[in-house]
Amino acid sequence: MENYHKAETHKYSTAPEPHEIRIGQRHRIKEVVSKALRFLADEEMKKVLLSGQGASVTKTVTCCEIVKRKVPSAYQKTEICYATVEDIWEANDPALELEPLKVTTRTPAIHILVTHESLDTSSPGCQGPCAAPAAKRPKPSQPARGRKRPSRRSKSEGDRKSISEEAKDDVSSPRPDPASKEAGTTKKSRRRPSKK
């Protein structure tokens, strides 16, 4: 393969549909989600098809989950398949008279349709609208009766103060050097004998 270089790569065999978003490695999740929400808000479309293949499958699923979280009334239909990718390799030096190579690989792909139209949820790959997120319980204005527990924050602040005070004490006093032969010698006072 040292005599060849990659000339072309053909990933998709069909043209994209008007409501399709093809997600690649370089696409940002935030941009894909905002575009998908615009498609769903459009009165004419009311649906979006998120497609990804290879390493982009996980990003496609993540985008779909975020869209479904923001539009809980949407239906979802998922299709998993393999996509054919064709790479064409050409010779580096035309004088070698080598024929171009065509390498075909199969990569996993996913197509997720998110729509406001109702779908048959009994068919495989279909999901109905997700339940609305549960409302968060408000915190009570008065503490519960009984013994009050100390807060973690005050405890950790106290620990930090004692640790920092200990560190200051350790730095200010010199430590004895275990390598020295004299018992009272410290690292700061130990010197090497000068060579003459």
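**Note on helix packing, core and selected residues**

1. Helices α1 and α2 are oblique to each other, because their packing angle of about 50° falls outside the ranges that count as roughly parallel (under 35 degrees), roughly perpendicular (65 to 115) and roughly antiparallel (over 145). The axes of the two helices lie 10 Å apart, and α1 passes α2 in a right-handed crossing. These values, like those that follow, come from a predicted model.

2. The contact between the two helices can be listed by residue. From α1, the participants are Ile 29, Val 32, Val 33, Ala 36, Leu 37 and Leu 40. They meet Lys 59, Thr 62, Cys 63, Ile 66, Val 67 and Lys 70 of α2. Classified by residue type, the contact of α1 with α2 comprises 9 nonpolar, 1 polar and 2 charged residues.

3. As to the overall architecture, the protein contains 3 helices and 6 strands, and along the sequence these follow the pattern β-β-α-β-α-β-β-β-α. Of the 196 residues in the protein, 22% are buried. Among contacts with a separation of 6 or more, 73% join residues 24 or more positions apart.

4. The largest nonpolar core has 17 residues, and the members that touch the most others are Ile 21, Val 48, Leu 50 and Val 114. At least two residues of this core are supplied by each of β2 (20–23), α1 (29–41), β3 (47–53), α2 (57–70) and β5 (101–115). The most is given by α1, with 5 residues.

5. Which residues does Val 114 touch, not counting residues up to four places away in sequence? They are Leu 40, Lys 46, Lys 47, Val 48, Cys 64, Val 67, Ala 74 and Tyr 75. Two of these, Leu 40 and Val 67, also take part in the contact between α1 and α2, and Val 48 is listed with Val 114 among the core residues that touch the most other members.

6. Thr 60 belongs to helix α2. Its relative accessibility is 0%, so Thr 60 counts as buried. When neighbours within four places in sequence are left aside, Thr 60 is in contact with Ile 23, Leu 50, Ser 51, Gly 52, Ile 110 and Ile 112. One of these partners, Leu 50, is also among the core residues that touch the most other members.

7. Strand β4 (residues 75–91) includes Lys 77 and also Ala 83. Is Ala 83 buried or exposed? At 15% relative accessibility, Ala 83 counts as buried, because the cut-off for burial is under 20%. Lys 77, by contrast, is partly exposed, with a relative accessible area of 40%, since that value lies between the 20% and 50% limits.

8. The partners of these two β4 residues may be set out in turn. Ala 83 touches Gln 53, Thr 105, Arg 106, Thr 107 and Ala 109, residues up to four places away in sequence not being counted. Although Ala 83 and Ala 109 are 26 residues apart along the chain, their C-alpha atoms are separated by 5.9 Å. With neighbours within four places left aside, Lys 77 is in contact with His 111, Ile 112, Leu 113, Leu 119, Gly 125 and Cys 126. The C-alpha atoms of Lys 77 and Ser 123, which are 46 residues apart along the chain, are separated by 9.2 Å.

Notes:
Residues numbered from 1 in each chain as written. Predicted model: local features only at pLDDT ≥ 70, side-chain atom pairs only at ≥ 80, totals over all residues. Heavy atoms only, no water. Helix = DSSP H or I, 4+ residues; strand = E, 2+ residues; numbered from the N terminus. Buried < 20%, exposed > 50% of the residue type's maximum accessible area, 1.4 Å probe, protein only. Contact = heavy atoms within 4.5 Å. Core = buried A, V, L, I, M, F, W, Y, C linked by side-chain atoms within 4.5 Å. Axes fitted to C-alpha atoms, helices over the stretch in contact; angles between N-to-C directions. Left-handed = near helix turned anticlockwise from the far one by under 90°. Nonpolar A, V, L, I, M, F, W, Y, C, P; charged D, E, K, R; others polar.
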